[in-house]
Amino acid sequence: MNDGRQAQLAGNLARVRERIAIACAAAGRDPAEVTLIAVTKTYPADDVRLLAGLGVRQVAENRDQEAAAKADACADLPLSWHFVGQLQTNKVRSVVRYADHVHSVDRLRLVGALSGAATAADRELGCLIQVALDAGSGERGERGGVAPTEVGALADAIASADGLRLDGVMTVAPLAGPYAGQPRAAFDRLTEISSRLREAHPAANMVSAGMSQDLEQAVAAGATHVRVGTAVLGVRPRLR
Ligand SMILES: *Cc1c(COP(=O)(O)O)cnc(C)c1O
């Protein structure tokens, strides 16, 4: 039974890696520049274990309760955990126990909470600023994220916070606004924001963009990390 699931995951992974390789070739990029993060939300720890056996080292989750249990069940595996969901400050203490990276940092209050929790846990947490490309100044995105105009201030706050390391930027292609249906344009915009960020913070070079449906566009635009769920694990039973 596990053998069947393992074969399925192996086939899916091979197809995703091939898609990344083809997109890299088309863009003149080295596939080693693009890291695949498997988004395992809604799938059991057994799947994470099978993926680890197939060479996956980066996994992502979007809900703390589910992620904490899975990370605990997989504590013996050589995995890095990425938290990619909207994050409430009351979940921060739990998240810093297992997460190596949080991709969804989008407000100063969250920076303060993450810094306090990371320091208390004696951990260094990698932070990516989630950019909402459809948000105007002072607004937050429908699915989280800070407006492009506020990335600089948030970056400075993260860079000077104890326990935090500024790693880069993340986005989800907007479903509404001028970028709706234009993932390539959205990811190009994120790359511009990343370039500007690196002028002040040269080490913050992660560009997290692209999911199952638009990973090619993300690779073409310069993403360093793609977050792929469905194409690796299958269609999730229900969106949560
Ligand atoms: C679920 C999720 C993904 C993966 O999406 P798929 O379309 O299943 O590949 C990527 N990023 C975030 C933030 C997610 O919540």
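Author: A residue counts as near a molecule if one of its heavy atoms lies within 4 Å of it. The model is predicted, with local features needing pLDDT of at least 70 and side-chain atom pairs 80 or more, while totals for chains, interfaces and linings use all residues. Residues are numbered from 1 along each chain as its sequence is written, and side-chain values use heavy atoms, without hydrogens and water.

Reader: Which residues surround the ligand?

Author: Val 39, Lys 41, Val 84, Met 170, Met 211, Ser 212, Arg 227, Val 228, Gly 229, Thr 230 and Arg 236 do. This shell has five nonpolar, three polar and three charged residues, where Val and Met count as nonpolar, Lys and Arg as charged, and Gly as polar.

Reader: What makes the approach of Lys 41 to the ligand a polar contact?

Author: A polar contact is a pair of N or O atoms within 3.5 Å. A side-chain N or O atom of Lys 41 is 2.7 Å from a ligand oxygen, so the pair qualifies. Ser 212 brings a polar side-chain atom to 2.5 Å from a ligand oxygen, and for Arg 236 the distance from a side-chain N or O atom to a ligand oxygen is 2.8 Å. Of the 390 Å² that the ligand exposes alone, the protein buries 88% (Shrake-Rupley method, 1.4 Å probe).

Reader: Why does the radius of gyration of the protein chain agree with a compact globule?

Author: The rule, over C-alpha atoms, is 2.2 Å times the number of residues to the power 0.38. For 240 residues that comes near 18 Å, and the chain has 17 Å, so the two agree. Its C-alpha trace spans about 50 × 45 × 30 Å along the principal axes.

Key
Polar contact = N/O pair within 3.5 Å; in protein donor to acceptor, adjacent residues only side chain to side chain.
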